[in-house]
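Trainee: Could you show me how to read a protein model, one feature at a time?
Mentor: Gladly. Let's put it on screen and talk it through.

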Amino acid sequence: MLPVFALVDCNNFYVSCERVFNSKLLGKPVIVLSNNDGCAIARSDEAKALGIKMGVPVFQILNIIKAHKVHVYSSNYALYGDMSQRVIQALTQFSPNIEIYSIDESFLDLSGFSSHNRTEYGRKIKYTVEKWTGIPVSIGIAETKTLAKIANRIAKKSKKPNGVLDLTASPYQDKALELIDVEDVWGIGRSYSRFLKENGIKNALQLRDANDWFIKKRMGIVGTRLLHELRGISRYPLERCPSPKRGITVSRSFKQTIGALAELLEAVAGYVSIGTKKLRKEHSVAGALIVFLMTNRFKKERYYYNMTTIRLPVPTSDTSELIQYAHRGLTEIYKKGYLYKKAGVMFTDLAPETQVQTNFLDSIDRIHSNRLMKALDNINEKMGSSTLKYAAVGLSGKKKWQTVFNHRSRSYTTNWNQLLEVS
């Protein structure tokens, strides 16, 4: 049986999440901003029509925002993450085999469906997801993931498919590939795109029909697999179990520069708290911890960057233990007299929590530690992410190191105190 993939992609996902709980935003220009309200990272179709580009700094488009009454929102990752899970729950009704590709994209295995009802089935998926969650989606169906991506792109941008396009053994496949610029093909980066265009390959159809030896010589096995995918030969199977992460990084740029060590220690403790929660969620432990610190890289005359790596005697995901190591590392690399713009931590040498090699001289009660971390996560999961926190993070007021979200909507689905009110 030949494989058939469906790529389900949420349209303008962050904006769509905001619209689910605020119907006044429908049909209006809306943008969602990055951390510290710096850049536009999501735009409604109406905002795109105004010429607002992805990643543009807000200060550069203030005139557009004011003139066209653009609705501006800070990122609300708790809301977006929860809505993503709801979309995935809806999708599991339609295929037992699903790959969560990103927060707003998932691949479904539709190999068992006959050709005459795939489009109809896609429309049923689209209708159900939108009815259950309020999130509009586009669906592309094809024999490979790369072709499904292309089908999805056309389904989203063209009115004729009405949000669902099946390119499986389609007589219109050549035309579809011709419509896609080569830089928009899945897996083609900036350097490859430049190289291909310099050699007369400007769209996906020309890439599909390119000489195998020529592509392999320049792009290696990745290029060969891409050619096969464009020709309908699947080289990327569905990944139902995501590959374990090689490392976890938590870092932030500060809205205001920080010079005091005490404030930096609080920031690093906060980042360790976030990172260890991610570690435990993946049932992993870290064997090493990297702490880094830097000033504003655009001010070269007073630029300073340093990092240190700490090998842990016993791999762990214990927040309090790792805060102590992080503080020790930060104190080593901190230099007085500098104004710092960014700090962060990286957890490396990750391993499954079930494969920890204990140390004979270890003074920590690991059983007690695991129970404590589990209780901490359970309480924060039920009552809100900061219900319980370590004093090392700081207990008073707004901190310079904390990310700014001046236009954030409520956490409608994850915080009892911020539920939508109906009057």
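The dialogue below goes from overall shape to salt bridges, surface and single residues.

Trainee: What kind of model is this, and how many helices and strands are in the chain?
Mentor: This is a predicted model. The chain holds 13 helices and 13 strands.

Trainee: How does the radius of gyration of the chain agree with that of a compact globule?
Mentor: The idea is to set the chain's value beside the one expected for its length. For 423 residues, a compact globule would have a radius of gyration near 22 Å, and the chain has 24 Å, which agrees. You can add the extent of the C-alpha trace, which spans about 65 × 55 × 50 Å along its principal axes.

Trainee: What share of the residues counts as buried?
Mentor: Of the 423 residues, 45% count as buried. Contacts give another view of the fold. Among contacts with a separation of 6 or more, 68% are between residues 24 or more positions apart.

Trainee: Now for charges. What is the general idea behind a salt bridge?
Mentor: Side chains of opposite charge can pair when their charged atoms come close. To count one here, a side-chain nitrogen of Lys or Arg must be within 4 Å of a carboxyl oxygen of Asp or Glu. By this rule the count comes to 16 salt bridges.

Trainee: Which residue forms a salt bridge with glutamate 99?
Mentor: Lysine 145 does, and the closest N and O atoms are 2.4 Å apart. The pair links distant parts of the chain, with glutamate 99 in strand β5 and lysine 145 in helix α6, 46 residues apart.

Trainee: Are glutamate 99 and lysine 145 buried or exposed?
Mentor: Compare each relative accessible area with the cut-off, since buried means under 20%. Glutamate 99 has 6%, so this residue is buried. Lysine 145 is buried as well, because its relative accessible area is 3%.

Trainee: What else surrounds glutamate 99?
Mentor: Leaving out residues up to four places away in sequence, glutamate 99 touches Glu105, Ser106, Phe107, Lys145, Pro237, Leu238 and Glu239. For Glu239 there is a further detail: its backbone nitrogen lies 2.9 Å from a polar atom of the glutamate 99 side chain. You can also compare sequence with space: glutamate 99 and cysteine 10 are 89 residues apart in sequence, with their C-alpha atoms 15 Å apart.

Trainee: Which parts of the chain does the pair of arginine 366 and glutamate 321 tie together?
Mentor: Start with the distance: the closest N and O atoms of arginine 366 and glutamate 321 are 2.8 Å apart, and the two form a salt bridge. Arginine 366 lies in helix α13 and glutamate 321 in helix α12, so the pair ties together parts that are 45 residues apart in sequence. Both arginine 366 and glutamate 321 are buried.

Trainee: Where does glutamate 183 lie, and where is lysine 197?
Mentor: Their side chains meet in a salt bridge at 2.8 Å, N to O. Glutamate 183 is in the loop between α7 and α8, and lysine 197 is in helix α8, so this pair ties together parts 14 residues apart in sequence. Glutamate 183 is partly exposed, at 31% relative accessible area. Lysine 197 also counts as partly exposed, at 38%.

Trainee: Let's turn to the surface. Which residues make the nonpolar surface patch?
Mentor: Begin with the total: the accessible surface of the chain comes to about 23400 Å², of which 52% belongs to carbon and sulfur atoms. Tyr303, Tyr305 and Met307 make a nonpolar patch of about 260 Å². Of these, methionine 307 has its place in strand β11 and counts as partly exposed, at 34% relative accessibility.

Trainee: Can we finish with two more residues? Where is serine 34, and where is glutamine 206?
Mentor: Serine 34 is in the loop between β2 and β3, and is buried at 16% relative accessible area. Beyond its sequence neighbours up to four places away, serine 34 touches Cys39, Ile41 and Ser75. Glutamine 206 is found in helix α9 and counts as partly exposed, at 34% relative accessibility. With neighbours within four places set aside, glutamine 206 is in contact with Gly200 and Ile201. Glutamine 206 and aspartate 181 are 25 residues apart in sequence, and 9.8 Å apart in space, C-alpha to C-alpha.

How values were computed: Residues numbered from 1 in each chain as written. Predicted model: local features only at pLDDT ≥ 70, side-chain atom pairs only at ≥ 80, totals over all residues. Heavy atoms only, no water. Contact = heavy atoms within 4.5 Å. Polar contact = N/O pair within 3.5 Å; in protein donor to acceptor, adjacent residues only side chain to side chain. Helix = DSSP H or I, 4+ residues; strand = E, 2+ residues; numbered from the N terminus. Buried < 20%, exposed > 50% of the residue type's maximum accessible area, 1.4 Å probe, protein only. Rg over C-alpha atoms; globule rule 2.2 N^0.38 Å. Areas by Shrake-Rupley, 256 points an atom, 1.4 Å probe, with all protein chains shown as cover. Patch = residues over 30% accessible without salt bridge, like charges linked within 9 Å, V, L, I, M, F, W, Y side chains within 5 Å.
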